[in-house]
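Colleague: I am new to this structure and would welcome a close look at a single part of it. Could you pick one strand and walk me through its surroundings?

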Amino acid sequence: MNDEVVTNSEFIPHGSQSSLAPARPDDVLPDTLQLVPLASRPYFPVLVQPVVVASDPYGEGLKRIADTAHRLIGMSYAPVAPGELPGPGDVSAIGVVARIHRLHEVKDHVQFIAQGIRRFRITEWV
């Protein structure tokens, strides 16, 4: 039997042609992520835990992201005083892409379960 890869095969080739394999869902990320700065502590990949943030200014954006198919946000450590909004210089350049699960709004806060996917680096502010 011949071990050559047939180029017009209806099957996905394997071996040296592994780059043609389908991507896993967590490998394909959006080009732009909404950033949620975390003042209390950094967030790490593979964590699954609740996150609580203020409704103003993050609530509406989080609700929009929760309605998308990918449900992905960026979270990065930004230590600022309570009640202050962090600027680009306050935010750590490395953060975590997380998937939103079970978004729940309570009075002036939004709570959601965040599932850390992988790290990212901020390359440009939009």
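Modeller: Happily; what follows is a walk around strand β1 and the two pockets beside which its residues appear.

A word on confidence comes first, since this is a predicted model. The average pLDDT of the protein is 81, and 80% of the residues reach at least 70. Residues 8-13 are a stretch to read with care: the pLDDT there is below 50, and the stretch has five contacts in the model beyond near neighbours in sequence.

Now to the strand itself. β1 covers residues 35-38. Which way do its side chains point? Leu35 and Pro37 point one way, while Val36 and Leu38 point the other way. This fits a general pattern, because side chains in a regular strand alternate between the two faces of the sheet. In β1, residues on both sides are buried: Leu35, Val36, Pro37 and Leu38.

Next, the partner. β1 pairs with strand β3, residues 72-77, in the parallel sense, and four bridges join the two. To find a spot where they face each other, look at Leu38, which stands opposite Tyr77 in β3.

From here, we can turn to the empty space. The largest pocket holds about 620 Å³. Its lining counts 26 residues, and Leu35 of β1 is among those nearest the centre, together with Leu33, Ile122, Glu124 and Trp125. β1 supplies at least two residues of this lining, as do α1 (55-66) and β5 (109-121). The largest share, four residues, comes from β5. Sorted by class, the lining has 16 nonpolar, five polar and five charged residues.

The second largest pocket also involves β1. This pocket has a volume of about 480 Å³. It is lined by 23 residues, and nearest its centre lie Pro37 and Leu38, along with Ala39, Val52 and Val53. At least two lining residues come from β1, and at least two from β2 (48-54). β2 gives the most, with six residues. In this lining, 17 residues are nonpolar, four are polar and two are charged.

One last stop is helix α1, which we met at the largest pocket. Ser55 lies in this helix. Is Ser55 buried or exposed? Its relative accessibility is 17%, so Ser55 counts as buried, the cut-off being under 20%. Leaving aside residues up to four places away in sequence, Ser55 touches Glu60, Glu105, Lys107, Asp108, His109 and Val110.

To retrace the walk, start at β1, cross to β3 where the two strands pair, and then visit the two pockets that β1 helps to line.

Note on methods: Residues are numbered from 1 along each chain as its sequence is written. Side-chain values use heavy atoms; hydrogens and water are left out. Buried means under 20% relative accessible area, exposed over 50%, partly exposed in between (1.4 Å probe, protein chains only). Two strands pair if DSSP finds at least two bridges between them. pLDDT is the predictor's confidence in each residue, from 0 to 100. Contact means heavy atoms within 4.5 Å. On a 1 Å grid over the protein atoms alone, a cavity is a set of points where a 1.4 Å probe fits but cannot get out, and a pocket is an open set with protein on both sides within 12 Å along at least five of seven lines; lining residues have an atom within 4 Å of a point. Grid points are joined across faces, edges and corners, and a volume is the space filled by probe spheres set on the points. Ala, Val, Leu, Ile, Met, Phe, Trp, Tyr, Cys and Pro count as nonpolar, Asp, Glu, Lys and Arg as charged, and the others, Gly among them, as polar.
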